[in-house]
Amino acid sequence: MSGADWLSYSLQDFVMFGPQVFLRLFVRINQDLWPWQVLAVVVAIGLPALLLKRDLRARRLAAGLIAVAWVVSGYGYLVGYFGPINWPAAWFGWAFVVQGALLAAAVFFGGVHGHRLPARRFAVFWLMAVCGLPWLAMADSGQWQAVALFGVAPGTTAAAGALAVALLTGPWRWLYLPLLLLWSVFSAAIFWVLQTWWLLLTPVATLLLVGAGFWLSPRPARSLD
Amino acid sequence: MADWFSRRQFLINAGLAGLALKSPSLFANTSGTPSLSPIMRQIPGANENIPAIGMGTWITFNVGGDEQLVAQRTRVLKTFFDLGGTVVDGSPMYGTAADVVGEALDSLGAHDRIFAATKIWTGDESETRQEAARSGRRWGVERFDLLQVHNLLGWQGHIENLKQMKANGEVRYIGITTSHGRRHREFAQIMEREPLDFVQLTYNVLDREVEDRLLPLAQERGIGVIVNRPFQGGSLFRRFQSEPLPDWAGQVGVSNWAEFFLKFIISHPAVTCAIPATSKVEHMKENMGALYGALPDADQRQRMADYVRSL
């Protein structure tokens, strides 16, 4: 195809599903996973408490839980539910699994630093993400069953997970970054085409929380060790 | 065959009765003669007629494993059949749409009521048969009525294979597709030299470029024309639905905007069939309303285009 042919395509041509089908993915996975969401909520809300302790093991546990959330939302939601109607989503699903594996590797191979962290600020950003973003899918769908929980829905998981930047040492942090950026662009494009305007706030929040993650990153001089 | 025919006729009549109750104006024929027969079009060069309104599955039938939506789309397909439709068009590109159509056909027991059209969508030109076989399994059909090369992807090899498949009786008709007005020059060249039964292209009251070259060429070459994007992906409704229909809409057999847009298309003498897509039963009923009643003549078509442009 010529360049002119490619230019004749719009974003809409690459989105092969409608908003109704997309928003029902949240409802369907919530119905199928019940009651495991309760555990996801407990983990999401309780996770900042692990960072309030000045204990590297607790911090590693927090990073490990975020890693699990990447894997579950990637394989569960993206590969299992979104992928069948949108094949690039399945690729992103596997990328989420790799992101989770990367974070897990950081836990085991010294990628989680022991420096002091402004844990209260981290907690504020974290709780804003895990408590605020889940409602956006509900706002667009009008169904409370569409709540997009951390550890289940990829958008909320990526947005809150972006704060893990603050837990990682330099090289790990840069490896962790590309998927956050790519996912934000990909999901924003989909929400734009589907005109799910509330959900469009999720990739925006993800990018802001990446910035927050860097801002929260402690200086090496303030070490716990 | 007789049993099938009577059951089918019963279903069509029952559907028409429902349509008449919903849209009495549809059947209030101004010429004074009843018009309960669907508008059929002959496939050029074949002794076969197909209804002038078919159904597309792009986006609308890609619902994945959502059983609730599969059941709802099954109702849409049932409405389509009940109101006299047969031509269903898909593509392996459309995600799970093929599986959903197959599941709906199974639920309705309607494999014998469909004119099944799909596309070959792979750059590997040796994969034509395998791709058709895969699609056949997903639709639950033994062979397709029509196989088309999707957006000219790998068309040289696929056309040769499709010609061979047609000669072997593995498919009844073959064709090529384009959309959004893309690659019309190359499209015309293929129409001029290949023995195609159908072409599929974009045509609607606003996108009329094909009137200049491709539609006359199809008539000249005896090629059937299937029209995609008759509502310009829904944007015609978004732009015009809040506007009133013209006072003279009844004269051209139109009682809503869906009929207006579709009758404009199928009244072109080169057009065999338009394939609007919808996910709603109510919209399917409106679309199928265009399969009945009067059609605009050439002057009235011009008036329809002028009216839309004036809005």
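**An all-helical chain A and its partner chain B**

Helices α4(A) and α5(A) are roughly antiparallel to each other, in a model that is predicted. The arrangement follows from the packing angle of about 165° between α4 (residues 56-82) and α5 (residues 87-108) of chain A, whose axes lie 8 Å apart. An angle over 145 degrees counts as roughly antiparallel, and the crossing of α4(A) and α5(A) is left-handed. In composition, the residues of the contact between α4(A) and α5(A) comprise 20 nonpolar, 6 polar and 1 charged.

It is helpful to place this helix pair within its chain. Chain A contains 10 helices and 0 strands, so that its pattern along the sequence reads α-α-α-α-α-α-α-α-α-α. Chain A has a radius of gyration of 18 Å, close to the 17 Å given by the globule rule for 225 residues, and is therefore as compact as a globular protein of that length. The C-alpha trace of chain A spans about 55 × 45 × 25 Å along its principal axes. Of the 225 residues in chain A, 45% are buried. Among contacts in chain A with a separation of 6 or more, 74% come from residues 24 or more positions apart.

The backbone of chain A also offers a detail for the attentive reader: the peptide bond joining Trp34(A) and Pro35(A) is cis, with omega at about 10°. Pro35(A) sits in the loop between α2 (19-33) and α3 (36-52) of chain A.

Turning to chain B, two residues that are not glycines have a positive phi. For Ile59(B), phi is about 70°, and the residue is found in the loop between β3 (55-56) and α3 (67-82) of chain B. Ile59(B) has 22 other C-beta atoms within 10 Å and is therefore buried, the cut-off for this class being 20 or more. For Leu152(B), phi is about 65°, and its place is the loop between β6 (146-149) and α6 (155-167) of chain B. Leu152(B) has 19 C-beta neighbours inside 10 Å, so it counts as partly exposed.

Finally, the two chains meet in a contact to which chain B gives 15 residues and chain A gives 12 residues. On the side of chain B that touches chain A, the residues divide into 8 polar, 4 nonpolar and 3 charged.

Key
Residues are numbered from 1 along each chain as its sequence is written. Chains are lettered from A and ligands numbered from 1 in the order in which they are written. This is a predicted model: local features need pLDDT of at least 70, side-chain atom pairs count only at pLDDT 80 or more; totals for chains, interfaces and linings use all residues. Two residues are in contact if their C-beta atoms, placed from the backbone, lie within 7 Å. Ala, Val, Leu, Ile, Met, Phe, Trp, Tyr, Cys and Pro count as nonpolar, Asp, Glu, Lys and Arg as charged, and the others, Gly among them, as polar. Axes are lines fitted to C-alpha atoms, for helices over the stretch in contact, and angles run from 0 to 180 degrees between N-to-C directions. Helices (H or I, at least four residues) and strands (E, at least two) are DSSP runs, numbered from the N terminus. Angles under 35 degrees count as roughly parallel, over 145 as roughly antiparallel, 65 to 115 as roughly perpendicular and the rest as oblique. A crossing is left-handed if the near helix is turned anticlockwise from the far one by less than a right angle, and right-handed if clockwise. The radius of gyration is taken over C-alpha atoms; the globule rule is 2.2 Å times the number of residues to the power 0.38. A residue is buried if 20 or more other C-beta atoms lie within 10 Å of its own, exposed if 12 or fewer, and partly exposed in between; C-beta atoms are placed from the backbone.
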